[in-house]
Amino acid sequence: MNVLIVEDERSLSHEMEIYLTRQNYNCDVAFNGKSAAEKIHLNNYDFVLLDLGLPDMDGLDLLREARKKGSEATFIILTARGEVEDKITGLDLGADDYIPKPFSLAELQSRMQAILRRKHGLKTNIMSIQDFEIDIQNRTVICKGNSINLTKKEFDLLHYLALHKNRVLTRMQLTEHIWGDVLEDDYESNYIDVHVKNLRKKLSAQAPIEWFETVRGVGYRVNA
Ligand code: CA
């Protein structure tokens with residue numbers, strides 16, 4: 001998952017970056033509204049964690065602008081203001097959640113997980129595909145009682161495909177999601193295919209995986 005942290009308070013943005021990176025998110029950081037707007041325009045973020053009191057702009061204006069330009073990121077507003085009015089305006093503008101400062105990093109992460117579940121219609125942290133159970137909180141995959149040892153990238157791939165089940169995801173979408181920032185040339189490469197191949201090998205050693213489909217010339221799809 002790609003996350004943009006928009007927070008001018010350096011110690012706080014640094015703490016969030018370290019914590020979320022440890023939880024396997026790819027993090028970018030912006031310290032002002034202008035740089036945040038540029039990053040949102042250029043990259044496909046799953047989450048934007050947005051401070052409202054930025055040095056050059058009100059975070060709510062940034063949110064308004066990003067939505068106008070079609071950003072589909074999940075926005076979580078972080079604010080010390082704690083004013084009901086800000087909260088209502090933020091939610092009206094399309095923020096997905098609101099966390100008053102100070103907050104614990106564990107709480108932030110559990111809110112992110114909860115939004116993800118809600119967005120994808122999941123009731124728990126476990127996604128099941130036939131014999132396989134993907135635990136998105138603990139980042140494990142179990143098949144018939146056996147735990148499958150996946151690398152970080154293999155897990156991220158499976159998780160992302162499973163979240164977007166029944167949809168074809170292109171190599172470019174997957175590359176962007178797994179690596180965050182990518183150079184043009186990377187799209188041409190077969191990175192994704194190599195990881196998919198290894199992932200499939202590990203999964204199919206446990207049970208059939210005809211649900212894991214290659215869509216020729218396009219990408220991959222998990223049918224569930
Ligand atoms: Ca601030």
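Ring pairs tie Phe 132, Trp 211, Phe 212 and Tyr 220 together into a cluster. This is a predicted model, and a search of the whole of it turns up three aromatic pairs. Besides the rings, there's a calcium ion held by Asp 8, Asp 51 and Gly 53, plus two open sheets to look at: one of three strands and one of four.

**Aromatic rings**

- A pair of rings is described by how far apart the centres are and by the angle of the planes.
- Take Phe 212 and Tyr 220: their ring centres are 6.3 Å apart and their planes stand at 85°, so this pair counts as edge-to-face.
- Phe 212 and Tyr 220 are both buried.
- Elsewhere, Arg 10 sits over the face of Phe 31, 3.5 Å from the ring centre.

**The calcium ion**

- Three protein residues act as donors here: Asp 8 and Asp 51 each through OD, and Gly 53 through O.
- These donors lie 2.2 to 2.4 Å from the calcium ion.
- Along the sequence, the donor residues follow the spacing D-x42-D-x1-G.
- Asp 51 has a relative accessibility of 4%, so it counts as buried.
- Gly 53, at 39% relative accessibility, counts as partly exposed.

**The three-strand sheet**

- This open sheet runs in the order 10-12-11, and its pairing is antiparallel.
- Strand 10 and strand 11 (212-215) are the edges; each has a single partner strand, so one side of each has no neighbour in the sheet.
- Strand 10 pairs with strand 12 (residues 219-222) over two bridges, in the antiparallel sense.
- If you want to find that pairing in the model, look at Thr 170, whose bridge partner in strand 12 is Gly 219.
- Helix 8 (residues 191-204) lies across strand 11 and strand 12, and runs at about 150° to strand 11.

**The four-strand sheet**

- Here the strand order is 6-7-8-9, again an open sheet with antiparallel pairing.
- Strand 6 (126-129) and strand 9 are the edge strands, each pairing on one side only.
- On average, neighbouring strands of this sheet are turned by 25° against each other, ignoring direction.
- Strand 6 and strand 7 (residues 132-135) are joined by four bridges in the antiparallel sense.
- Across that pairing, Met 127 stands opposite Ile 134 of strand 7.

**Backbone spots in the loops**

- The peptide bond leading from Lys 101 into Pro 102 is cis, with omega near -5°.
- You'll find Pro 102 in the loop that runs between strand 5 (97-100) and helix 5 (105-119).
- Lys 144 isn't a glycine, yet it has a positive phi of about 45°.
- That residue, Lys 144, belongs to the loop between strand 8 (140-143) and strand 9 (146-148).
- With 60% relative accessibility, Lys 144 counts as exposed.
- Asn 166 is another residue other than glycine with a positive phi, in this case near 65°.
- Its place is the loop between helix 6 (152-163) and strand 10 (169-170).
- Asn 166 has a relative accessible area of 42%, which means that it is partly exposed.

Conventions: Residues numbered from 1 in each chain as written. Predicted model: local features only at pLDDT ≥ 70, side-chain atom pairs only at ≥ 80, totals over all residues. Heavy atoms only, no water. Donors = N, O, S within 2.8 Å, 3.2 Å for Na, K, Ca; no water. Buried < 20%, exposed > 50% of the residue type's maximum accessible area, 1.4 Å probe, protein only. Phe/Tyr/Trp six-rings, centres within 6.5 Å; stacked < 30°, edge-to-face > 60°. Lys NZ or Arg CZ within 6 Å of the ring centre and 35° of its normal. Pairing = 2+ DSSP bridges. Contact = heavy atoms within 4.5 Å. Axes fitted to C-alpha atoms, helices over the stretch in contact; angles between N-to-C directions.
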